[in-house]
Amino acid sequence: MDKVDDKSNVASEKDENLISNKEQSNSFDDKNWLCSDLNVFLESVDLKRLDEKEICIHKKHQEALKNMKETYKDPETGYKVFTRLAHLKRGKCCGNACRHCPFGQVAAPENRKKKFNTAFYY
């Protein structure tokens, strides 16, 4: 399956709008806003664009988000992975090209940036 990154700009625009709206409310502790962001994100995932391994990762991430967890265990490596929630609470891109960065990996060096598959960066 050829994974063309044609929706990454759309995802980034959605993320930018959500972050912009959040900046107006001034608090990343606002659970209503966090839940709204997470629901919009989950609804935007296109499962048809994910392979079996990616679906497994997405399900782990989705489960963690539904339980408002900031990390989950990667199903393949066993490493802890920060969820979208953890990144939103941080409030900005850390520059490490994280899998679930909601900020479009804007602070990551170009050579580390990854492709977006509608669910996460890979």
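Among contacts in the protein chain between residues at least 6 apart in sequence, those joining residues at least 24 apart make up 39%. The model is a predicted one. Of the 122 residues in the protein chain, 41% are buried. The secondary structure amounts to 4 helices and 2 strands, and the order of these elements from the N terminus is α-α-α-β-β-α.

**Helix 2**

Helix 2 covers residues 31-44. Its 14 residues should span 20 Å at 1.5 Å a residue, and the C-alpha atoms at its ends are 20 Å apart, so the expected and computed lengths agree. Which residues of helix 2 are buried? They are Trp 33, Leu 34, Asp 37, Leu 38, Phe 41 and Leu 42. Because these residues cover an arc of only 165° around the axis, they lie on the same side of helix 2. Asn 32 and Glu 43, on the other side of helix 2, are exposed. A general property of helices helps in reading such a pattern: an α-helix has 3.6 residues a turn, so residues three or four places apart point the same way.

**Helix 3**

Helix 3 consists of 15 residues, from 52 to 66. From its first C-alpha to its last it reaches 21 Å, close to the 21 Å expected at 1.5 Å a residue. The buried residues here are Glu 54, Ile 57, His 58, His 61, Ala 64 and Leu 65. They share the same side of helix 3, because the arc they cover around the axis is only 125°. These buried residues pack against helix 2, strand 1 and helix 4. On the other side of helix 3, the exposed residues are Glu 52, Lys 59, Glu 63 and Lys 66.

Both ends of helix 3 have features to examine. At the N-terminal end, Asp 51 acts as a cap: one of its side-chain oxygens lies 3.1 Å from the backbone nitrogen of Lys 53. After helix 3 comes Met 68, which has a positive phi, near 55°.

**The loop between the strands**

Asp 74 belongs to the loop that links strand 1 (71-73) and strand 2 (80-82). Is Asp 74 buried or exposed? Its relative accessibility is 4%, and therefore Asp 74 counts as buried; the cut-off for a buried residue is under 20% relative accessible area. The side chain of Asp 74 comes to 2.7 Å from the backbone nitrogen of Thr 77. Leaving aside residues up to four places away in sequence, Asp 74 touches Ile 57, Tyr 79, Val 81 and Arg 99. Ile 57 is also one of the buried residues of helix 3.

**Rings and charges**

The structure contains 1 aromatic pair. There are also charged groups placed over rings. The charged end of Arg 90 sits over the ring of Phe 82, at 5.9 Å from the ring centre. Arg 99, which touches Asp 74, has its charged end over the ring of Phe 120, 5.7 Å from the centre of that ring.

**Helix 4 and the segment after it**

Ala 86 is a residue of helix 4, and its relative accessible area of 8% means that Ala 86 is buried. How far apart are the C-alpha atoms of Ala 86 and Glu 70? They are separated by 4.6 Å, although the two residues are 16 residues apart along the chain.

Helix 4 covers residues 84-90, and Gly 91 lies in the segment after it. Gly 91 has a relative accessible area of 26%, so Gly 91 is partly exposed. Between Gly 91 and Phe 103 the C-alpha to C-alpha distance is 8.8 Å, with a separation of 12 residues in sequence.

Most residues other than glycine have a negative phi. In the segment after helix 4, Gln 105 and Thr 118 are found. Gln 105 has a positive phi although it is not a glycine, and Thr 118 likewise has a positive phi without being a glycine. Each of them is buried. Their values are set out below.

| Residue | Phi | Relative accessible area |
|---|---|---|
| Gln 105 | about 55° | 1% |
| Thr 118 | about 85° | 3% |

Terms used
Residues are numbered from 1 along each chain as its sequence is written. This is a predicted model: local features need pLDDT of at least 70, side-chain atom pairs count only at pLDDT 80 or more; totals for chains, interfaces and linings use all residues. Side-chain values use heavy atoms; hydrogens and water are left out. The expected span of a helix is 1.5 Å times one less than its number of residues. Buried means under 20% relative accessible area, exposed over 50%, partly exposed in between (1.4 Å probe, protein chains only). The arc is that of the directions from the helix axis to the C-beta atoms. A polar contact is a pair of N or O atoms within 3.5 Å; within protein, one must be able to donate a hydrogen and the other to accept it, and residues adjacent in sequence count only if both atoms are side-chain atoms. Contact means heavy atoms within 4.5 Å. Rings of Phe, Tyr and Trp (its six-membered ring) pair if their centres lie within 6.5 Å; planes under 30 degrees apart count as stacked, over 60 as edge-to-face and the rest as tilted. A charge sits over a ring if NZ of Lys or CZ of Arg is within 6 Å of the ring centre and within 35 degrees of the ring normal.
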